[in-house]
Amino acid sequence: MEAVPLREQMRRIAPVVLAAEQVLPVPEVFHRLLPGGGLQRGWVTRITGGPSARALAWAMLADVTTAGGWIATVDVPGISLTAAQELGVAIERLLVVRTPDSSAWSATVGALIGSVDIVAFGTPVHRITPSEHRRMASRARERGTVLLELDAAITTRSRPSQLPYDLSLLAQPVDWVGLGQGHGCLQGRVLDVESHGRRIGGGSRSARFELPAVDGTVRLLEERATVTSLHAR
Amino acid sequence: MNEPVRTMVVWCTDWPVVAADITPDQAGAVLHANRVVASSEAARTVGVTRGLRRREAQRRCPELIIAERDIAAEARAFEPVVSAIERFTPRIELTQPGTCLFATRGPSRYFGGDETLASLVETAVRETLDGRTNCSIGIADGVFAARIAARARTTAPHIVGIGESPDFLAPLPITLLDLPELTDVLWRLGLRTLGDFATLERTDVLGRFGREGVGAHARAAGLDERLPDAVDPPDDLRATITLDPPVERIDQAAFAARQLAVELHERLQAKGAACSRVTIEAESEHGETFLRGWRHEGALSVAALTDRVRWQLDGWLNASPTVRPSGGLSRLSLWPEDLLPATGRQLGFWGGETEADQRAGRAVARLEALVGVENVQVAEWRGGREPDDAIRLFPASAVDLGERQLSPPDERPWPGSLPSPSPVQLFSEQPIEVVDVMQVPVSVSGRGDLSAPPASISLDGRRWKPVVAWAGPWLLDERWWDPQRSRRRARFQLVDEDGAALLVYVERGGWWLAGTY
């Protein structure tokens, strides 16, 4: 029998999946930020920007849960389920997991990969070894789960990440609507979101949203030109 | 129709109260979902009855001791009682913690008649209970009649003679069937006693009330409680797992329980069947075997099966040293005792039961073994005025995942709650400093007057950020009658110069951060 290189063999028997099937749905307003119009299954992504990052994450993941997908969070402190529900997440498909100590972290994330569609985790406080990360990322690619690091900082400053990312989103609050000097109440936020990553052509894209708008929805305010800067990341 | 099986029912009164460590002379009540589900003798004498709301119960009896319902603890506490009865017969079935039953034919003959057996069992159970509550015993043909006999609350065991069950039941009120929708119709049809209902033709009952009606009709007539289309299960429905290494801790056992329940459920589903009675068998590494049956009024869902296996394993592993397994459990089996057609009476696990739901359900079981039962949580709506109140997290194992409530029952707002958007990240006991332009801490009077507008804030006392917009105070004073859970706070919304919006409040003379938007 003719010897076929292992890599060739693997390529031949790998199932063919269309790119569209590998994309998790996100609301249409975010399509401009994401190259394939959704979150690619198997991607390692990151959302930073303090509390606004949470709001952005819930708004983006809402469509996944309403379409029947599951989200699990690992060690994300202070989750507000009310806010998640307001931003459209079907919270009956949300699992909240805490790890008692950092030694269980990898096993927990590993158990969730392949079982849920999105594993969102707070920035790990312990060190993740490069081999651990490679294992995690390749398992996620194989099982089609999106890994999402959620920045858990109180302020807008965020901790440096330990993992390389396919996609990184940065949320920066610009303004708040509704609050005055001693009167009114918070009604809506204007948010700038910038996306960059090695999978989206090396450039960065940015857009300004009302998230939430005064009526509770998410609205695209303006889209700024794609700034290509190959040396940015 | 099968001949009714002669059955003994042992009923320990007020079991939830006993399991909550409330003695009969203390006024205590056990609540579930804000309603009283059981109350102690002393509480009943002052009018605390089942179904009352917490507030009403506390109004009637201010010194009432209140405990939240914990069925797992009830099952654990009941295990010694069942072990005591196990001296008389090996095949005991539990309907719920506090009530168990067994067929008396064999044991009766061995111990010399129903009366002798009943008094022996009563002595054994009373010894175990040690005055914590009362137990009552009923023997009759058929489970339903025996249960009614046990509930008759006579001092001595209530024994209904062989063949006398129909006469015993006939004069009793129809409401004992405990099917409010059915008995309501029967009552309006003029059928006031079980005897009246039993005289109807069975075919007429089937035509008008369906399967459930026939079951009730059989019970009222003192016949076998088994639903008419139940059949004996074939042997291949036995689900078994071998545990290597043997399991000694309850969290590991809980993991095995879920696996076992899922396996049995899948096998039943493949046959289009469901079951209402199961037997759980455990074998320890030293070869001891333990056997116990559980029964349920309707078909058992996966969640219900898991609960029962878990309660049972918990009971065995935490029993007193004399009856506990001498080593870890090495093999578990679960098999159904009857088969019903799966009519979809009960929702599947996780409600809709898509493939994604099943995968997530399996992940829950795996994670519970990995990080502990209390660290895997899901959401449930509870209602409240503060963002951390309205929807709360509960351990996935403590919640019926298929029947969760996730949004308010109606659209009416909670007075005093802040309008949406809600903060996205919540904090507890996180102090923050809020000062005015003179760097003096801002204070709020009891009437809600501010000493000065807030000008800057700091989380660590070193880095200060100017406040660019603010509003408040919104006063909240809730549950003042409950020292542990009362809240009296004044809430504010602030936006700092970085564009971060915060929800802060004044309570106990200090400023706290509740959440960030």
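How many bridges join strand β5 of chain A to β15(B), and do these strands run parallel or antiparallel? Two bridges join β5, residues 94–97 of chain A, to β15(B), and the strands run antiparallel. Within this pairing, A:Val96 stands opposite B:Gln377 of β15(B). The model is predicted, and the values below are computed from it.

**Interface between the chains**

The strand pairing is accompanied by a count of residue contacts: 46 residues of chain B are in contact with 49 residues of chain A. On the chain B side, the elements that give two or more residues include the helices α14 (355–371) and α15 (387–390). The strands that do so are β15 (376–381), β16 (391–395), β17 (425–431), β20 (465–478), β21 (487–496) and β23 (510–516) of chain B. The largest share of this side comes from α14(B), with 10 residues. By residue type, the side of chain B that touches chain A divides into 30 nonpolar, 11 polar and five charged residues.

**Chain A and the nonpolar core**

Chain A contains five helices and 11 strands. Of its 233 residues, 45% count as buried. Among the contacts in chain A with a separation of 6 or more, 65% are made by residues 24 or more positions apart.

The largest nonpolar core has 201 residues. The members that touch the most other members are A:Leu56, A:Trp58, A:Leu95, A:Val119 and B:Val504. Helix α2 of chain A, residues 51–66, gives the most to this core, with 10 residues.

Which residues does A:Val119 contact, leaving aside its neighbours within four places in sequence? They are A:Ala72, A:Val74, A:Val109, A:Leu112, A:Ile113, A:Thr145, A:Leu147 and A:Leu148.

**A covered helix in chain B**

Helix α13 of chain B spans residues 302–317, 16 residues in total. From its first C-alpha to its last it reaches 22 Å, close to the 22 Å expected at 1.5 Å a residue. The helix is mostly covered, with 15 of its 16 residues buried.

**Backbone geometry in chain B**

Some residues of chain B have a cis peptide bond or a positive phi. The table lists them with their angles.

| Residue or bond | Feature | Angle |
|---|---|---|
| B:Ser420 to B:Pro421 | cis peptide bond | omega about 5° |
| B:Gly472 to B:Pro473 | cis peptide bond | omega near -5° |
| B:Asp130 | positive phi, not a glycine | phi near 60° |
| B:Gln439 | positive phi, not a glycine | phi about 65° |

The cis bonds can be placed by their prolines. B:Pro421 is found in the loop between β16 and β17 of chain B, whereas B:Pro473 lies in strand β20 of chain B. The elements β16, β17 and β20 are among those that give two or more residues to the side of chain B that touches chain A.

The residues with positive phi are in loops. B:Asp130 is in the loop between α6 (114–129) and β7 (135–141) of chain B. B:Gln439 is in the loop between β18 (433–435) and β19 (456–458) of chain B.

Are B:Asp130 and B:Gln439 buried or exposed? A residue is exposed if 12 or fewer other C-beta atoms lie within 10 Å of its own. B:Asp130 has 8 such atoms within 10 Å, so B:Asp130 is exposed. B:Gln439 has 10 other C-beta atoms within 10 Å and is therefore exposed.

Methods:
Residues numbered from 1 in each chain as written. Chains lettered and ligands numbered in written order. Predicted model: local features only at pLDDT ≥ 70, side-chain atom pairs only at ≥ 80, totals over all residues. Contact = placed C-beta atoms within 7 Å. Helix = DSSP H or I, 4+ residues; strand = E, 2+ residues; numbered from the N terminus. Nonpolar A, V, L, I, M, F, W, Y, C, P; charged D, E, K, R; others polar. Pairing = 2+ DSSP bridges. Expected span 1.5 Å × (residues − 1). Buried ≥ 20, exposed ≤ 12 C-beta atoms within 10 Å, placed from the backbone. Core = buried A, V, L, I, M, F, W, Y, C linked by C-beta atoms within 7 Å.
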